[in-house]
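Subject: Structure handover

Hello,

Here is the structure I said I would pass on. My notes on what was found in it follow below.

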Amino acid sequence: MASEQFQKHAEILSNRVKKRFRHLSRKFRKQNVECFRLYDWDIPEVRAVVDWYAGRIVVAEYERKQTIPAWLPAMAKAVGEVLGVTPDKVFIKRRHTKTEEGPRYKKLDSKNERFIVQERNLKFLVNPSDFLDTGLFSDHRDTRGIVADLAKDKDFLNLFAYTGAFTCAAALGQAKSTTTIDRSDTYIKWAEDNMKLNGLLGVQHTFIQSDVDKYLDKAAKLGKKFDLCFVDPPSFYQDKAMGIYFDINLDHTQLLRDVFKVMAKGAIVIFSTNHQRFVPKFEGLPIKDLVELTPKTIPEDYRNRQIHRCWRIAI
Ligand SMILES: C[S@@+](CC[C@H](N)C(=O)[O-])C[C@H]1O[C@@H](n2cnc3c(N)ncnc32)[C@H](O)[C@@H]1O
């Protein structure tokens, strides 16, 4: 029974992926984009996403109680075969539909093998094996273009920066300075490596391993002011020692208030979240102009048109 069902799912998935690859690879080649989504849980019973990373494939399953362990490897094998990718370049990930921070940013392996991928005018280091995420979120490809276009001569602040893809975009867009904040030392170093890879390192670019709350507090006391900020918090995080419990739905208004304290008059903040049940509460914030960018920033290869939501906030 299971094997019959696996076969049916493998067939559906590989047919879809083959068709999408033919269409998307042609389109993205013209744009110099090597990473894109090939399957986005398009068919309810095939609970997977498939991402293309310049000749590597990452196949992830959205797990639930009934998940059968052999299902994901069977799907990965089928996808690898239909795209002609050898098994050593096909990676599997088990995801949960709940978006608690949990093990999301923890290590899964220690192969430490990173390779270079191209996204338009930027290169990024990607690691498909060691973490749940690879180091590059392709759904924000077009948001990076928006940040690059806004960055010229600006002092740019990247909060919850992860591997610094937005820092690279701002630096490429000729930001006057960039400041990159993440609590993870691994990701801060990765962000520097990404900047170096693009020949963008320089004294005007600062990388700080810190909790965002601590950084904002210190920066406000020092009277720091930025003109452009990208803030993309996880849905939940905590710091037991500091008594911080952040839940994006409850706490984003206060986070934005704290961000605004370090922004210059007339500054722009781009706020983003990938929480699937996010309810924005911007009322009462000192905002001059607010535009939801989501319809513009979700790329064609994502079927989930709310894989993230983001807003351009002028203050
Ligand atoms: C959703 S990712 C951000 C993705 C990033 N904006 C991008 O597009 O590449 C969240 C990041 O927040 C970091 N993080 C989680 N809690 C934090 C905190 N309290 N302070 C600073 N960074 C934190 C994690 O280490 C992770 O790199």
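Helices, of at least four residues, and strands, of at least two, are taken here as DSSP runs and numbered from the N terminus. Counted in that way, the protein has 8 helices and 15 strands. Please keep in mind that this is a predicted model.

Confidence

The average pLDDT of the protein is 94, and 97% of the residues score at least 70. The exception to note is the stretch of residues 99-103, where pLDDT stays under 50. For that stretch the model has 8 contacts beyond four places in sequence.

Overall form

The C-alpha atoms fill a box of roughly 65 × 40 × 35 Å along the principal axes. A compact globule of 315 residues would have a radius of gyration near 20 Å, and the protein agrees with this because its own value is 20 Å. Buried residues account for 39% of the 315. If one takes the contacts between residues at least 6 apart in sequence, 62% of them join residues at least 24 apart.

Domains

The protein is divided into domain 1, residues 2-97, and domain 2, residues 116-314. Their C-alpha centres lie 28 Å apart. In the contact between them, domain 1 takes part with 18 residues and domain 2 with 16 residues. On the domain 1 side, at least two residues each come from α1 (2-31), β1 (35-40), β2 (48-53), β3 (56-63) and β4 (90-96). The largest share of that side, 4 residues, is supplied by β1. By class, the side of domain 1 that touches domain 2 has 8 nonpolar, 2 polar and 8 charged residues.

Ligand surroundings

There are 18 residues around the ligand, and F160, Y162, R183, D232 and Y237 come nearest. The shell divides into 11 nonpolar, 3 polar and 4 charged residues. Among the elements that supply at least two residues of this shell are α4 (165-172) and β8 (177-182).

Helix α4 and the loop after it

Is α4 enclosed or open to the outside? The helix is largely enclosed by the rest of the structure, because 7 of its 8 residues are buried. Those buried residues are A165, F166, T167, C168, A169, A170 and A171. So α4 combines this burial with a part in the shell around the ligand.

Q174 follows α4 and has a positive phi, near 65°. The residue is found in the loop between α4 and β8, the two elements already named for the ligand shell. Q174 counts as exposed because it has 11 C-beta neighbours inside 10 Å, where 12 or fewer is the cut-off.

A second positive phi

Most residues other than glycine have a negative phi. R120 is a residue other than glycine with a positive value, near 55°. Its place is in the loop between β5 (115-119) and β6 (122-126). With 17 C-beta neighbours inside 10 Å, R120 counts as partly exposed, whereas Q174 counts as exposed.

When you open the model, the ligand shell with α4 and β8 may serve as a starting point. The contact between domain 1 and domain 2 could come next. Residues 99-103 should be read with their pLDDT of under 50 in mind.

Regards

Technical notes:
Residues numbered from 1 in each chain as written. Predicted model: local features only at pLDDT ≥ 70, side-chain atom pairs only at ≥ 80, totals over all residues. pLDDT = per-residue confidence, 0-100. Contact = placed C-beta atoms within 7 Å. Near = placed C-beta within 6 Å. Nonpolar A, V, L, I, M, F, W, Y, C, P; charged D, E, K, R; others polar. Rg over C-alpha atoms; globule rule 2.2 N^0.38 Å. Buried ≥ 20, exposed ≤ 12 C-beta atoms within 10 Å, placed from the backbone. Domains from an automatic or database assignment.
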